Amino acid sequence: MPAPALSDELAQQAADAFLLHGEKTRAADEMGLSRNTFCSRLKVAARRGLLGTKPVLEGFQIHRTSTQLGPNGELQREWIQQKPEAGAEFVMPAGHVIKGVSALVDADDRVMARWIKTREDGADLESKIEIIQRAFENFEPRAPYIIRPTDCDSERLTAYIFCDWHLGLFAHGKETGGPDWDLSIAKAVLRETVADLISQSPRSKHAIMLGLGDILHADNSRNMTERSGNVLDVDTRYPKVLETACDLLAEAGENIAAKHDRVEIVVKPGNHDPESTVGIRQALRMYFRSTEWVDVDTSPNPFYWRRFGVNLLGGAHGDKAKPKDMPLIMANVRRHDWSETTTRHFHTGHIHHDTLQEIGGVHVYSHRAPVAQDAYHAANGYLAGRSMRSFNYHVDKGARGSTEIEIR
Ligand SMILES: [Mn+2]
């Protein structure tokens, strides 16, 4: 319990005794008080202005004076308030700088006290920047620098279909009647098309970069198809083509991972690149090994399966099992998912043109290729447009349309 405030009367008695005797010990004795009690009453008296101008108590200073004047301006009364003397002027400790200032204010927002907070003065900004730069001089990031996306729609999945890029294919426009095509043209066109496709696709939380085969035109430096031995029109050397394929897919993966919060990367083999895709998968796995929201599927299984809520998705290049057989393969391989899903899509490439068949409740797609026709296909009179597509799926509501970017 706090001690009750000293009454003005007791304070005044202490002040009067001190003024009378001029000395604390004697005044205390005369009042029959201990010196301590007397001194504390005297301090209260000083604070309340009861001591007048003289004497100013030791350790006190005059804080405020007020006067009462008579009708003719004559001094009638004077109050002097003494307060403990303020401390010495604030001096910044050596090597310190001001870190912050705060204030205690009264009801009228007048400053009653200030707190000055200091801290040790460190290096200046420029030398700090230099220190940080030096510390990171030999730093190689383990993961590509991708800003993880926010505000994605968690109920949706986007499947980017990458099939039949045929990187390394060479086409002479005068011979094929179509556009010229080589590795550098392919690189420029594919980068732009993939970028457009990603920007036009909905910002779903989930995404699959679904490589469905024939990303490369030739699987090695022999420049022939493995099974039929057809001679291929190839631009530049196999190592250069493989490097371009890895660069393009890594860049596409980065751009997809900057838009979607959970990314799966899948690269299935085609009839042109069954061996190269093994290496491409490993390159992408290594590339994204420290990007935790990107998974690279290294399964050698030529079929891809994915359940997303009411959707069941499948994919394969389409050169081996025929499109009409895909629904029964899907029903057998994914029999539990089959009974629990209502939207079933199977994506293929290989024939380089757009088809959609509904077989047993399954939509079986074949997709266009983004590549120009080579002399062989042109001579056979194959006609197809060029484009790249993505498909959107809602976890409860099923298919939600597709995005197509055409190439002129
Ligand atoms: Mn093919």
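User: Leaving aside neighbours within four places in sequence, which residues is T244 in contact with?
Analyst: Happy to look at that; bear in mind that this is a predicted model. T244 is found in helix α7, which covers residues 238-257. Once its neighbours within four places in sequence are set aside, the contacts of T244 are L183 and K187.

User: Is T244 buried or exposed?
Analyst: Buried means a relative accessible area under 20%. The value for T244 is 7%, so T244 counts as buried.

User: Which residues coordinate the manganese ion?
Analyst: The donor residues follow the sequence spacing D-x56-N-x45-H-x32-H. Their donor atoms sit at 2.0 to 2.4 Å from the ion. In order, the residues are D214 (OD), N271 (OD1), H317 (NE2) and H350 (ND1).

User: How many residues apart in sequence are the parts that N271 and H317 tie together?
Analyst: N271 lies in the loop between β7 (262-268) and α8 (276-287). H317 lies in the loop between β10 (311-315) and α9 (326-333), and H317 is buried, with a relative accessible area of 2%. The pair therefore ties together parts whose separation in sequence is 46 residues.

User: Which helix gives the largest share of the lining of the largest pocket?
Analyst: This pocket holds about 840 Å³ of space. Its lining has 38 residues, with H352, D374, Y376, H377 and Y382 nearest the centre. The largest share, four residues, comes from residues 375-379, helix α11.

User: What is the volume of the second largest pocket?
Analyst: Its lining divides into seven nonpolar, four polar and two charged residues. H317, a manganese donor, is among the residues closest to the centre of this pocket. The volume is about 180 Å³.

How values were computed. Residues numbered from 1 in each chain as written. Predicted model: local features only at pLDDT ≥ 70, side-chain atom pairs only at ≥ 80, totals over all residues. Heavy atoms only, no water. Helix = DSSP H or I, 4+ residues; strand = E, 2+ residues; numbered from the N terminus. Buried < 20%, exposed > 50% of the residue type's maximum accessible area, 1.4 Å probe, protein only. Contact = heavy atoms within 4.5 Å. Donors = N, O, S within 2.8 Å, 3.2 Å for Na, K, Ca; no water. 1 Å grid on protein atoms, 1.4 Å probe; cavity = no way out; pocket = protein on both sides within 12 Å on 5 of 7 lines; lining within 4 Å. Points joined across faces, edges and corners; volume = space filled by probe spheres on them. Nonpolar A, V, L, I, M, F, W, Y, C, P; charged D, E, K, R; others polar.
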